[in-house]
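Please look over the sequence and the coordinates before reading on. The paragraphs below are meant to be read beside them.

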Amino acid sequence: MTKEVFITETNCITPIGFDVAANVKNIVNGVSGIQLHQNQSLMKAPFYASIVDSAQLNKAFAKVAPAENYTKLEKMMILALQPIVENSKLDLDGKTGFILSTTKGNITALENPSEENIQKAQLHQLAKTIADFFGFKTEPIVVSNACVSGILAVSVAKRLVQSRMYDNIFVVAGDVISEFVLSGFNSFQAMSDLPCKPYSKNRNGVTLGEASAAVLVTSNKEHAKIKIIGDGSINDANHISGPSRTGEGLFRSIESALAEAKINPNQIDYISAHGTGTTFNDEMEAIAFNRLGLENIPVNSLKGFYGHTLGASGLLETVIGIQSVLESKLFVSLGFDELGVSQPINIIEKSEDKTINYFLKTASGFGGCNTAVLFEKVK
Amino acid sequence: MGENKTYIQSFCTIQNNEIILNGETIFKTEPTVFSDFSKKAFRNFEIDYPKFFKMDNLSKLAFLGAELLLKNEIDNTKENNIALIFANKSSSLDIDVKYQKSISDKENYFPSPAVFVYTLPNICLGEISIRHQLRSENSFFIFEAFNPLFMVNYANILINTKKADKVLCGWVEYFNEEYKAFLYLVASEGIMEHQKELIETVYKK
């Protein structure tokens, strides 16, 4: 029999809260982390972004560890994982894995490209720093697969636990705002001049954000918050910097997850979609959802609260989605006004109560990658 | 895991200006830079794919390895469910450093989207998927060193859970002119058993 896999612990560090409860409270109140920033070292012109306050972060970090020389990203990742490792009371042995998801890690180290700083920008080095802090014994697994990394990390963890390679896997995901990433998205003319408006008629791009999130993926049902029942990560094979017009890879990723979970599309109660706010991404998702008959399922993008947090986004949005299931609440898709995609989809316009048995998380990214993971409420 | 045995169908190594396919040297040049070596290799195998010249070095390295293992494998008349599981040590750091240089000097500020897009290691998977029209599972991982145990386990998971019919595994490391690609194709049938020790031995050759 196939082994069952669960998520038992969740946490996140974001501009609107340093734990899940604070984040949910702000989401319910419609409080976004996106603000106008003027910081010439990041970007010449003022820009909207969702940025973690460094003073607050340092204050919170001081309670967990002596102020050693950690980067902002490392502090965010350690703070996200720390209560989970502590609550789990697990032996950090050979059957306990560690997955780290990020796109750019400590990329800001390259601003001063000494030998030492180039080493610091290596993703395996970041993973080692976090692993050493907690004393994980197994070799860290870094998932770096563009904007699907965070949700792909959940899929990878589920597969590895199912295959009995590990009994438990701690998963952490994070990315920070940098001149590197801001200038890159700007060069694509993909940045919104206002806070992003996923799926809206007047959307005109991405707002970037920073966050970290963490979960414990385990075969142990005790304290389970949710069960992971299917997944797929299928490439569009179409274009490296734009999604397929037909949503082929996303369509197939969701199909693969549904087939494994043995449920029908109409059994899904809630979709936490990618919704970056770019013209092409949001349109592609609407097409893929329609092809699967998912157009009436309530859907939101949480980017209006957090911006696009890159390698963190998939895991952060999963953490909030799990809270939707546990609290039987659909959260508003902030920034949405008038539908601006060519196919009908059922955007959540205000937070409301709803029993959720099946929850779908999706993401898509550069390189033509897509990931879909299905979750089931634990009865 | 390991309900069913899996097998290595073919393997390929690219390093030190040399390409070795299934244990035999099939292409070699005098010592030269990677851009020159990769161009010569591309021409030698008479590959007709102009997009190759727009790729960054990591993608070129991965592309060449995949080309040699997949060209006789792909049947264009049907779906080819061949997953791509790739990993390396330095992510996209080689082009990251180049991109950072393009924005560091404010007098000479020139961020290019054509460079920025390659500052993600999984872009090479997108390039291979497009070339061979593989709408299949793909994931990119980073490890400090080649991790045969992980690769064997993950490839077997994909085949045993029927997420893929075959898996192209690849270690594609490129940083500052130092490079090594080791790719191999895993299937549910064959002669050479797919196991960690064998992969490790072939990798080290």
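What follows takes the two chains in turn and then turns to the contact between them.

The model is a predicted one, and chain A is a convenient place to begin. Its secondary structure consists of 11 helices and 16 strands. For its 379 residues the globule rule gives 21 Å, and because the radius of gyration of chain A, 19 Å, is close to that value, the chain is as compact as a globular protein of that length. The C-alpha trace of chain A extends over about 55 × 50 × 40 Å along its principal axes, and 62% of the residues of this chain count as buried. If one takes the contacts in chain A between residues at least 6 apart in sequence, 78% of them join residues at least 24 apart.

Chain B is built from 7 helices and 8 strands. A compact globule of 205 residues would have a radius of gyration near 17 Å, and the 17 Å found for chain B agrees with this. Its C-alpha atoms fill a box of roughly 60 × 35 × 35 Å along the principal axes, and 47% of its residues are buried. Among the contacts in chain B between residues at least 6 apart in sequence, 70% link residues at least 24 apart.

Within chain B, helix α3, residues 93-104, deserves a closer look. At 1.5 Å a residue, its 12 residues should span 16 Å, and the end C-alpha atoms do lie 16 Å apart, which agrees. The buried residues of α3(B) are L93(B), D94(B), I95(B), D96(B), Y99(B), Q100(B) and I103(B). As a rule for reading such a list, an α-helix has 3.6 residues a turn, so residues three or four places apart point the same way. The buried residues of α3(B) pack against α2 (57-70), α4 (113-116) and β6 (166-175) of chain B, and also against α7 (179-187) of chain A.

That last partner leads to the contact between the chains, to which chain B gives 43 residues and chain A gives 43 residues. On the side of chain B that touches chain A, α3, α4, α5 (123-132), β5 (138-142) and α6 (148-160) each supply at least two residues, with the largest share, 7 residues, coming from α3(B). The residues of this side of chain B divide into 21 nonpolar, 15 polar and 7 charged.

The chains also meet through strands: β5 of chain A (residues 141-143) pairs with β5(B) in the antiparallel sense over 2 bridges, and V143(A) has F141(B) as its bridge partner in β5(B).

Note on methods
Residues numbered from 1 in each chain as written. Chains lettered and ligands numbered in written order. Predicted model: local features only at pLDDT ≥ 70, side-chain atom pairs only at ≥ 80, totals over all residues. Helix = DSSP H or I, 4+ residues; strand = E, 2+ residues; numbered from the N terminus. Rg over C-alpha atoms; globule rule 2.2 N^0.38 Å. Buried ≥ 20, exposed ≤ 12 C-beta atoms within 10 Å, placed from the backbone. Contact = placed C-beta atoms within 7 Å. Expected span 1.5 Å × (residues − 1). Nonpolar A, V, L, I, M, F, W, Y, C, P; charged D, E, K, R; others polar. Pairing = 2+ DSSP bridges.
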